[in-house]
Amino acid sequence: MSPILFWIFSALMLGFGAATILNRNPVASALSLVVSFLGLAALFFGLDANFIGVIQILVYAGAVMVLFIFIIMLLDLKAEQRRQINIPALLGGVAIVVAFTAQLVTVIRSYKAGNEPFAAITPNLPDAHNIGMTLFANYNLPFQVIGVLILVASIGVVVLSQRELK
Amino acid sequence: MNAILQFLSDPLPFLVWTTLAKSAGLLGVVLVMVSYTVYAERRVSSLMQDRLGPNRTGFPTSLLGFGIKDWSPFLGGLGQPIADALKLLLKEDFTPAYVNKFYYWIAPGLGIGAAIISLAVIPFGSSIAGVDMVIANVDIGPLFVFAISSLGVYGIVLAGWSSNSKYPFLGAVRSTNQLISYELALGLSIVPLILIIGKLNLVEIVSYQVQNGWMLLPGITAKAPHLPTLEQFLTWIPVFIAFLVFTISMFAETNRLPFDLPEAETELVSGYHTEYSSLKFALFFLGEYTAMITGSALIVTLFLGGWHFPGIPDGSAAGWLGVMWGLVNIGVFLAKVVAFLIFFIFIRWTLPRFRYDQLMKLGWIWFFEIALVNIFITALIVTYVH
């Protein structure tokens with residue numbers, strides 16, 4: 001991937017990520033998040049991880065965020081824009097971010113393998129094939145367990161929403 | 001001159017200019033096809049309703065001495081798309097005062113952008129002078145089309161929301177529901193094909209069909225057309241189910257009748273683009289028909305052998321012969337797409353609209369389950385055949 005493209009898409013991703021938090025209008029926030037996801041997908045494409053990139057768009061930008069916007073549109077946006085900034089919550093949030101960043105920096109600094117260059121990867125790996133083989137050959141049992149977990153969760157949602165109706 | 005030719009045949013500049021040429025050519029062909037699809041829709045609908053349809057705005061053939069009346073019932077009206085385009089361009093572009101301006105302006109572009117970008121991975125021909133007739137030969141073809149066209153819903157949602165009016169909003173809500181419901185069936189219904197072919201690359205899917213027969217008509221191969229063998233017949237069963245689910249879901253994804261609830265005229269004036277006029281309305285219109293073409297092209301590529309037709313070789317021969325066959329292959333592909341577009345139009349003027357609860361029931365209770373069960377059936381058959 002050319003470094004210029006990398007910087008453009010990284011800037012796109014981080015800039016719109018910040019816009020997600022800073023925007024007062026919930027629809028604008030949600031759309032900024034979509035653009036941020038698209039930037040992330042472009043970074044994956046640049047690393048020849050086409051499958052993950054496309055799943056990023058398909059699942060997050062195309063399905064999850066559409067549902068988010070769908071719900072947001074039904075809310076009263078004016079009430080959200082009128083809300084005052086809660087100072088203690090803001091300070092708490094900033095403190096957590098600073099602490100987390102500090103932790104991240106110390107961990108990455110002490111991680112020796114991070115400084116060693118990787119061997120060059122041959123481009124155009126069949127990544128859909130590789131992911132399938134890894135998931136179903138090496139990690140089949142955990143994969144099935146996650147499947148059961150999701151099934152239980154979705155049955156739970158159906159049961160709860162049915163109870164709400166009565 | 002020689003230096004320029006030398007530069008143009010270097011690998012990187014060659015890739016750049018061929019890709020640009022292919023994109024420009026495909027875009028041009030698709031835009032012409034869109035305008036004539038609109039014309040075909042009007043003429044076919046009038047044929048089916050025993051009317052004439054637009055038959056006056058013709059090219060002045062009598063001036064050129066062909067002796068055909070300019071507005072004959074059959075040839076007349078071929079100039080109608082040009083007149084329509086001019087009309088849409090020159091109308092007053094009215095922006096209501098109460099809309100959310102920024103989103104109101106970007107919504108039409110999002111819709112058509114998504115529809116056009118997803119054409120990039122569709123192989124529309126074999127090859128001409130060694131250049132593959134596909135803009136982006138990626139290993140995730142169908143997924144790419146689904147991903148990009150799932151972004152098209154933002155155009156509709158934003159149009160409905162930013163219009164700040166009840167009918168567009170209801171249209172947008174319906175559209176979101178519909179797209180999310182049918183995307184699942186659409187994605188799941190092609191899994192059997194991928195199980196059988198074992199490839200996710202659309203170019204390789206087409207070349208598999210050239211070797212082993214079209215997915216939907218398994219006897220038609222590059223060698224000699226023959227009756228399908230038992231193995232081919234067994235794999236044909238899930239493919240046929242997948243084809244039905246995929247095609248019907250494609251109708252829902254492109255908001256075509258019988259699933260055009262987002263813009264049901266009798267209920268919602270004209271749905272999500274009620275507040276739009278002039279060029280912005282034209283963009284929605286173009287986007288809808290481009291999505292139809294993308295959908296038809298995907299169906300042709302996945303199920304009907306793409307550019308292949310028995311007896312017509314691909315463009316790998318040397319010299320002008322190869323170029324000619326390459327162009328013929330593109331013609332075959334476009335002919336198949338046009339046939340599908342006419343099928344789309346026939347359905348529109350044949351079936352009444354579904355009710356909203358019927359639409360949801362069909363998507364979630366029927367197609368989703370059928371597509372899911374079909375995957376298991378395919379897995380069993382593929383295990384048996386191999």
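**Entry 1: helix 2 of chain A and helix 6 of chain B**

I started with who touches whom here, taking contact as heavy atoms within 4.5 Å. From helix 2 of chain A, I found A:V27, A:L31 and A:V34 meeting B:Y154, B:L158 and B:W161 of helix 6 of chain B. By class, I get six nonpolar, no polar and no charged residues in this contact. For the classes, Ala, Val, Leu, Ile, Met, Phe, Trp, Tyr, Cys and Pro count as nonpolar, Asp, Glu, Lys and Arg as charged, and the others, Gly among them, as polar.

Note to self: this is a predicted model, where local features need pLDDT of at least 70 and side-chain atom pairs count only at pLDDT 80 or more, while totals for chains, interfaces and linings use all residues. Residues are numbered from 1 along each chain as its sequence is written, chains are lettered from A and ligands numbered from 1 in the order in which they are written, and side-chain values use heavy atoms, with hydrogens and water left out.

Helices are DSSP runs (H or I, at least four residues), numbered from the N terminus. Helix 2 of chain A covers residues 26–46, and its axis comes within 13 Å of the axis of helix 6 of chain B, crossing at roughly 165°. The axes are lines fitted to C-alpha atoms over the stretch in contact, and angles run from 0 to 180 degrees between N-to-C directions. The two helices are therefore roughly antiparallel to each other (angles over 145 degrees count as that).

**Entry 2: helix 6 and helix 7 of chain B**

Next I followed helix 6 (residues 153–162) to helix 7 (residues 166–189), both in chain B: their axes come within 7 Å and cross at roughly 155°. So this pair is also roughly antiparallel. On the helix 6 side I listed B:V153, B:I156, B:V157, B:G160 and B:W161; on the helix 7 side, B:P168, B:F169, B:A172, B:S175, B:T176 and B:L179. My tally by class reads eight nonpolar, three polar and no charged residues.

**Entry 3: B:G306**

I looked up B:G306 in the loop between helix 12 (278–303) and helix 13 (319–348) of chain B. B:G306 is buried, with a relative accessible area of 0% (buried means under 20%, using a 1.4 Å probe and protein chains only). Leaving out residues up to four places away in sequence, B:G306 touches B:V206, B:V300, B:T301, B:F333 and B:K336. B:V337 is 31 residues away along the chain, with 9.2 Å between its C-alpha atom and that of B:G306.

Methods. Parallel < 35°, antiparallel > 145°, perpendicular 65-115°, else oblique. Buried < 20%, exposed > 50% of the residue type's maximum accessible area, 1.4 Å probe, protein only.
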